[in-house]
Structure formats: C-alpha cells, structure tokens
Amino acid sequence: MLSGIRLFALGAISALALATAAPVRAATPADTLVQAWAIDDMISIDPAEVYEISASEILGNSYQRLVGYDVNDVSKLHGEIAQSWTISPDGKTISFTIKPGLKFASGNPITAEDAVFSFVRAVKLDKSPAFILDQFGLTKDNVDKMVVQTGPMTLDFHMDKAYSPSFVLYCLTSTVGMIVDKKLVMSHEANGDMGYGWLKTHYAGSGPFAIKEWKPNDSVVMERNANWDGPAPKIKRVIYRHVPEPATQRLLLQKGDIDIARNLGADDLKALKTDADIKLESGVKGTIYYMGLNQKNPNLAKPEVRQAMKYLVDYATIADTIMGGLVKVHQTFEPSGMLGTLEKNPFSLDVAKAKELLAKAGLPDGFKVTMDTRNSPDITGMAQAIQQTMAQAGIQIELIPGDGKQTLTKYRARNHDIYIGVWGPDYQDPNSNAQGFVSNPDNGDNASTKTLAWRNAWDIPDLTKETDAALLEADPAKRAAMYEDLQQKALDTSPFVIMFQQVEAFGIRKNVDGVIIGPSFNDNGFYAVSKH
Amino acid sequence: MTAVEETEGRNGALPPWVGRLGRLLVTLVITLVGLLFVTFLIGRVVPIDPVLAAVGDRASESTYHKVYLELGLDKPLWEQFLIYVNNVLHGNLGESVLTNRPVLDDIADTFPATLELSTFAILIGTCVGVPLGVWAAVRQGRLVDQIVRVLGLVGYSAPIFWLGLTGLLVFYARLGWVAGPGRIDIAYQYDVERITGMMLVDTLLQGQWDAFWNALSHILLPGTLLGYYSLAYISRMTRSFMLAELGQEYIITARVKGVRESRIIWRHALRNAAVPLVTVIALSYGNLLQGAVLTETVFAWPGLGMYLTNSLGSADMNAVLGATLVIGAVFVALNLLSDVLYTVLDPRVRRRG
C-alpha cells in the first residue's frame with residue numbers, strides 16, 4: 001500500500017545525493033578578488049551621475065581624476081591625470097597641464113579635450129552631483145566658456161569668484177571630476193545625450209581596473225586595465241556580489257566563497273575576531289551621526305537645554321556596546337580626515353551638570369519631547385540608549401519609529417522635535433559639512449536653500465557669513481583655522497548633538513593583502529591587492 | 001462559479017466557451033484595475049515624499065522641483081492615476097526611480113529568479129506534501145499522523161528567516177552538502193548565456209552539465225526550505241480532504257465490494273480530494289510567486305520579493321505598481337489554471353461545460 005511513498009522517498013533521497021555530489025567550489029580563484037556587498041544602491045556607473053556609495057568606490061577603482069590626495073594625509077594633493085596646475089593672479093582661473101603619453105583603457109590617448117568634455121558634460125547633464133561643479137559659477141549656459149581647452153594638453157578652469165584653490169581642487173577629486181574617454185563616449189551618443197544612455201551601464205575610463213559588467217542588484221565585474229599608468233595590479237579581476245544580509249556575508253567569508261565581506265554587523269565582527277582565517281581591517285569614513293534639535297520647539301530652543309542634552313548621551317557605551325566599534329566618538333561637525341577638523345570631544349555623560357543647566361533654563365524637572373527614529377537596528381539602539389540617559393535628568397523622550405524615508409520626509413519638513421541624522425560630506429572638503437551644519441541663509445519656511453541648520457530652524461546670520469568667507473580664503477592654513485573656529489562655536493551653541501563618526505570595517509580572508517581603506521568611498525582601493 | 005456555469009448552459013445561444021472567456025476577461029480587468037487603484041492610493045497616502053526617493057537627500061531645491069514636476073506630482077491624484085493607467089495600457093510601466101531603468105526590464109530580470117525558486121518549491125511541496133497528507137489521513141491518530149502534524153506545525157510556524165540561516169550554517173558551512181547563497185558559482189556565472197533567466201533551464205538548454213549541477217546545488221536549500229513551508233500547508237489540507245472523503249459512503253461500498261485498499265485510497269478517495277486540493281496548491285504557488293522576501297534576502301536571491309520590498313521602502317511607486325500588477329496577473333492566471341484543472345478532475349463540471 002505504501003509502496004508509492006517508499007518509491008518517492010527513495011527518489012527524493014537519490015536526487016539529494018546526486019545534487020550534493022555535484023561540484024561545490026569553496027575557494028575563490030587566485031587571480032580574482034571576490035567581495036560581498038549590498039550594492040542595491042547603484043543606479044548608474046556614469047561619473048556625471050554617480051552619487052551612491054557603492055558606485056563611487058567602483059569608479060574610484062576604474063577612473064582617474066585631474067588631481068588626487070594622499071589617503072593617509074588628505075592635505076597632500078597630487079596630480080593624477082594633471083601634470084601641474086597654476087592659479088591666475090586674480091584667483092579666478094586654474095590652468096591645468098595634462099601628463100603626456102597617458103591612455104584610456106580603450107587605447108585612446110588622454111588629452112585636454114577629454115578633461116574639458118568631462119566637466120562640460122557633467123554640468124550640462126545636470127544630474128545629482130553636478131552641483132559640486134556648479135558651485136564655481138558654472139551653469140549649463142556658460143560652461144562652454146568657463147571650462148576651455150587652450151592647447152592639446154592644457155585647459156583653463158574659470159570661476160565666478162576667487163575661491164580657495166584647496167576647495168576647488170578637493171571638489172575635483174570627487175567622482176563628478178573623473179575624466180571620461182570623449183571619443184568612445186561620443187561614438188555611442190544618441191539624440192544629443194552626450195552618451196548618457198550608454199555610459200550609464202558602460203565604461204570609458206583609465207583607472208587601474210576596467211568595468212566589464214554590471215548587473216543591477218546582482219554583481220559588478222572589473223578587470224585589470226593594461227593601459228593604466230600605475231604599477232599593474234597583481235590580481236586580474238575584482239568581483240562584487242550583491243549580498244544584502246550581513247549574516248550571509250559572514251558565512252560566505254568563513255567558508256571562503258568570498259575574500260572580503262563589506263556589511264558585517266557588530267555581532268558578526270565580534271564572532272570573526274576569534275576566527276584564525278579572517279582578519280578585520282577598518283578605516284574612518286566621513287559619515288557623522290548626530291541629533292538635530294528643532295528650534296521650533298520652545299524647550300529645545302533654550303541655549304542651556306541644547307548644552308544640557310550634549311551631556312546626556314553616553315557616547316562611549318553606545319560606540320563600544322551598541323555599535324560594536326562601527327563608530328568612534330566624534331563631536332565636531334567636520335569628520336576626522338578633513339582639512340581643518342577640530343579633534344575635540346568635550347562632552348561625556350554628566351547628569352549633574354545637565355541638571356544644573358536645565359535648572360538655569362527654568363526646567364529643573366525636565367520636559368517631554370518626541371524623537372523620530374529610523375527603524376534600523378543601529379539608530380533604534382542608539383535612540384533607546386539616549387532615551388534612558390536623558391530620563392535621568394527628567395527629559396522624557398517618546399520615540400516615534402518610522403521607515404527611513406518616512407522619518408526623513410518629516411525631518412525635511414521641520415516637523416520633528418528631535419531627529420537622529422546621518423550625514424556625510426559630498427566631497428572631500430570642509431565646506432561641504434560647514435554648509436550643512438553652520439550655514440542658513442534664509443530661515444523662512446519657503447527658503448531656497450534648506451541646510452541642516454534650516455531643518456532645525458537654527459537662525460545664524462553670523463555663522464553663515466563666516467562659512468561663506470572661509471570659501472574664499474586662499475591660504476590653506478588660515479582657511480583651516482576658520483573651520484576650527486566654526487566647529488568650536490557649534491560645540492558651544494549649536495542644536496546639533498554630534499556624537500559619532502562612522503568606521504567602515506572589512507572582514508578579509510587571511511591570504512588577502514593590500515586592501516586600501518580611504519577616508520571617502522572612492523578612496524577604497526584594490527589595485528595593490530595580492531593573494532597568496 | 002457553479003451558478004453562472006448553469007445559467008450559461010441553459011442559454012445556449014453562444015458556445016459555452018465564449019461566455020467563459022468573456023467572464024474571465026471581465027474578472028481579469030476588474031481585478032487588475034482594482035489592484036492598481038488600491039496600490040496607487042496606498043502609495044500616495046504613505047507619509048513618504050516620492051521625490052526624495054528619486055533625487056536623494058542632498059539634491060538642490062531646483063532639482064527637487066524639476067523632478068516633482070517630472071513625476072507629475074503637481075497634478076490632482078485622479079489625473080495622476082489616469083495617466084498611469086493610460087501608460088500601462090500602452091505597455092509602459094514607467095521607469096523605476098530607484099534603478100533608473102524601465103520597470104518592465106527590472107521585472108524581466110527578477111521574476112524568472114522567483115519563478116524558478118517557486119516552481120522548485122511547489123514541486124517539492126506537492127510531491128512530498130500530498131503523499132504525506134494521504135498517509136496521515138489513512139493512519140489517523142496513529143504515530144505517523146502525529147509525526148506529520150508536528151512536521152507541518154514546525155514548517156508553518158518556524159520563522160523562515162531563521163530556518164534559512166540555520167540551514168545555511170548546517171548544510172553549507174558545516175557539512176558542505178550544498179552550495180552557498182546566490183544562484184550559481186562565480187566560476188560558471190559568466191559562461192551561462194541568458195535565455196529564460198532561469199538558471200536550471202538555461203544551463204540545460206545550453207547543455208552545460210557542470211553549471212546545471214552547480215545551479216541545482218544552489219537552489220536546493222532555499223527551494224527545499226520554501227518547499228517545506230508549502231508542504232506543511234498542503235499536507236494538512238490533504239489530510240483533512242482525505243478524511244472527509246474516506247468517511248463517505250462510496251468508500252464503504254468499495255470496501256464491501258472488496259476493492260483493494262490501495263486502490264480505494266489512491267484511485268477513489270484521492271481522486272475526489274484532488275479537486276479542492278488543486279485550489280490549495282495553486283494558492284500556495286501564487287504566494288510563492290510573490291517572492292519570498294526573507295528567503296530571497298538570506299540566500300542573496302535577486303527575485304521579485306526583494307525588488308518589491310526595496311521599492312516599497314523608497315516609495316518607488318512605478319516599481320511597486322508594476323510588480324503588483326505582475327503578481328495580480330499571476331494570481332488571475334493561476335485561478336484560471338485551477339479552473340481548467342477542475343474541469344479535468346471533476347466530471348460534473350466537465351459535462352456541464
């Protein structure tokens with residue numbers, strides 16, 4: 001009677017045995033570096049459009065810029081494609097000379113024409129990162145006159161004001177300043193789109209690796225570019241696999257199916273510390289975690305309350321326990337690794353001091369307030385810890401959980417009381433975060449510029465002026481001092497409780513060496529990687 | 001359904017299949033338009049700024065405004081809906097703001113992955129679940145019945161996320177019996193040409209046996225897990241349908257006539273229990289085809305579920321509506337399929353038609 005079932009069971013077992021006998025390869029090929037990373041944020045691999053973390057890193061490994069900086073000391077700028085540059089006496093023009101004899105991966109020579117084309121194209125296409133170039137007075141209409149070729153290997157970059165040269169050069173190190181192969185791109189032009197439709201999913205650069213393939217939400221493959229002018233990479237191929245789940249990444253890493261895991265969580269890192277086959281490497285990234293206190297709330301608008309709240313966060317415990325070392329305590333608005341960062345963390349949990357300040361503000365028993373909390377584990381954990389310590393001084397925080405985009409929508413409309421924000425600089429220059437945190441040209445509800453200071457209704461005409469002035473200071477040392485001053489003032493008065501700076505951690509197989517973890521995502525480099 | 005069936009049979013002016021087809025089309029249109037409308041409404045009511053999803057947090061006010069107009073958000077809600085429906089009727093599901101590609105392309109990329117996984121799972125669920133259910137019904141109250149019950153309970157109530165990770169830990173990391181997350185090893189990935197988008201089918205069509213075994217080794221764990229999940233439901237339902245049939249008088253008659261027990265169970269009882277069972281299996285399959293978000297996430301399986309969830313989280317309405325439409329169409333198609341199977345399995349329906 002049960003012969004049918006028996007037969008079926010037998011079939012199932014033999015099918016299983018057959019499948020498990022099939023080849024299951026564990027180790028990755030010796031000439032290939034395989035990484036697991038959540039790359040679902042990628043929408044394009046066109047330097048004129050890329051603004052996402054994963055794509056920035058991939059472009060950083062496959063394109064070159066006019067200038068670059070030393071990832072260990074960002075104050076040291078050097079030419080990449082540019083051999084040299086000079087600044088005009090009025091400070092409004094930078095003239096670049098291109099290194100002779102360079103070639104794109106396609107074999108086309110790199111000339112000033114390509115550099116001019118890249119900038120003009122980025123401004124005219126006007127995608128998300130175009131504003132980085134627009135800051136210098138470039139517009140769609142005038143860019144042809146502002147960025148001009150003056151010889152086969154020379155070009156002039158004109159600006160509307162005498163901006164600090166360090167500011168301009170740092171901006172040109174971002175992905176939007178990457179040089180594309182004009183001849184190749186224009187051969188794929190359709191309907192006057194300057195190759196936009198094609199370059200979105202194809203490659204036309206000159207970096208250490210050439211992008212061979214990108215399958216959205218699946219994988220990216222880069223191969224060694226023989227035409228790169230640097231020392232040839234030892235590995236032939238770099239593959240990124242989209243693996244969204246950290247625990248899955250950890251398993252793949254331990255099993256040897258990948259060489260590097262990129263999205264490990266705090267518990268994964270803890271577990272991997274004792275694994276003899278894995279090493280952990282990390283680097284600080286520009287991203288900052290902060291609390292924004294809306295000045296439309298009368299309690300939060302009191303200066304003593306703002307300062308009291310800075311004493312009511314248990315910074316060290318959150319960084320070590322909740323975040324498991326994926327952040328470090330950092331309290332100024334410029335992240336470490338930037339020109340002019342004030343390395344100072346004056347605040348720590350001090351309930352008595354906070355109570356004193358609250359009493360001065362006329363709120364000895366504290367008050368009630370809400371906090372919008374993104375429902376991701378890190379922000380939720382942080383919020384709960386803050387809720388506890390704030391309660392010790394009588395500040396009752398009601399947490400309002402929400403999806404990331406939902407809480408952000410509310411924050412952008414200034415409808416929050418307290419919001420835990422995450423903010424990274426747009427380019428490797430102190431102006432980016434200064435513009436966000438200490439500049440607010442118009443505090444009205446319909447302002448045309450809505451900075452972070454605006455979102456928290458912090459009206460600061462003086463600091464705004466000082467931020468603008470720092471942009472025009474030619475002397476890098478004086479400029480750095482101006483940013484230090486702004487950071488000190490923010491520590492003393494701002495409605496921003498700046499808490500942490502992000503640490504990016506890589507789980508790497510022991511046999512992999514030479515991974516470079518830089519301050520910005522396009523600085524993470526794999527050209528020096530070797531496997532043994 | 002049966003009531004309509006009868007009135008058509010009597011009316012007789014047109015051949016019955018015309019009525020069936022017409023009714024089907026009406027159902028299809030009403031279902032899909034209703035689905036679109038509700039999804040559209042929910043998408044617009046959620047407190048997420050859709051422009052934010054498109055341009056990100058850092059865009060300038062002018063870019064923000066430009067995209068706001070491009071997305072047609074300045075128009076009244078009903079007009080936005082009409083524009084969308086009109087586009088859909090012209091075969092244009094719009095562009096996803098998240099991937100910046102036509103939604104149709106995105107779905108064509110993700111759906112085959114889900115289809116492959118779901119089909120694998122439903123085959124396991126049916127081929128194992130039905131015999132188990134029959135077995136449990138025959139041995140009602142005995143040890144076998146209890147075992148099947150516990151098995152079903154575990155499959156139905158254990159979080160699939162946890163089962164997935166544990167499965168990976170045991171069968172992939174410890175024992176090394178199956179391949180890890182993903183659809184195929186990197187060594188093969190670039191040799192397999194895309195034909196249907198389903199790895200098992202594509203590798204077979206190209207005669208790449210190594211790659212086929214590798215893909216099978218990859219799908220085995222997630223497919224079996226999802227299969228187990230649907231097996232739990234299918235075996236419970238089979239058991240109760242079978243119990244209902246086994247208590248019928250025709251079974252007693254058959255027994256009295258001396259028909260062999262195995263023939264009674266497999267030919268008489270199961271044949272009748274199969275009719276409602278078809279709906280159960282079709283619905284399970286439909287649920288699987290929506291994309292099992294958690295399974296897809298754990299196993300890095302780039303399917304429809306993950307796509308839909310990502311889009312929802314970013315208020316990427318074109319993508320959400322497009323994916324919902326596909327899922328709706330799949331459900332309607334499965335309903336149709338189970339209708340057809342009804343007529344095959346149930347002679348009463350067949351004769352009336």
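In the predicted model, a single type of charged pairing links the two chains, the count between chain A and chain B being 1 salt bridge. This salt bridge joins the side chains of A:D126 and B:K66, with a nitrogen-to-oxygen distance of 3.7 Å, and the pair qualifies because the criterion admits a side-chain nitrogen of Lys or Arg within 4 Å of a carboxyl oxygen of Asp or Glu. In addition, 5 residue pairs are in polar contact between chain A and chain B, counting those in which both residues have pLDDT 80 or more.

Several secondary-structure elements of chain A contribute to the side that touches chain B, and at least two residues each are supplied by the helices α1 (3-21), α9 (246-255) and α15 (404-412) and by the strands β8 (209-215), β9 (219-224) and β10 (237-242). Of these contributions, the largest share comes from α1(A), which provides 6 residues. By class, the residues on this side of chain A comprise 25 nonpolar, 10 polar and 18 charged. The contact as a whole draws 53 residues from chain A and 58 residues from chain B. The size of an interface is often expressed as the accessible area that is lost when the parts come together; between chain A and chain B, the buried area is about 4,900 Å², with 62% of it given by carbon and sulfur atoms.

Within chain A, the domain assignment distinguishes domain 1 (1-41 + 208-277 + 510-532), domain 2 (63-206) and domain 3 (284-503). The C-alpha centres of domain 1 of chain A and domain 3 of chain A are 37 Å apart, and the contact between these two domains takes 10 residues from domain 1 and 9 residues from domain 3. Together, domain 1 of chain A and domain 3 of chain A bury about 620 Å², of which 59% lies on carbon and sulfur atoms. On the domain 1 side, the most area is lost to domain 3 by A:A266, A:P519 and A:F521, which together account for 63% of what that side buries.

As to polar interactions across this interdomain interface, 0 salt bridges are found between domain 1 of chain A and domain 3 of chain A, whereas 2 residue pairs, both members of each at pLDDT 80 or more, are in polar contact. The side of domain 1 of chain A that touches domain 3 of chain A consists of 6 nonpolar and 4 polar residues, with no charged residues; a salt bridge requires Lys or Arg together with Asp or Glu, and these four residue types are the ones classed as charged.

Conventions
Residues are numbered from 1 along each chain as its sequence is written. Chains are lettered from A and ligands numbered from 1 in the order in which they are written. This is a predicted model: local features need pLDDT of at least 70, side-chain atom pairs count only at pLDDT 80 or more; totals for chains, interfaces and linings use all residues. Side-chain values use heavy atoms; hydrogens and water are left out. Domain bounds come from an automatic or database domain assignment. Contact means heavy atoms within 4.5 Å. Buried area is the accessible area (1.4 Å probe) that two parts lose on being put together, summed over both. A polar contact is a pair of N or O atoms within 3.5 Å; within protein, one must be able to donate a hydrogen and the other to accept it, and residues adjacent in sequence count only if both atoms are side-chain atoms. Helices (H or I, at least four residues) and strands (E, at least two) are DSSP runs, numbered from the N terminus.
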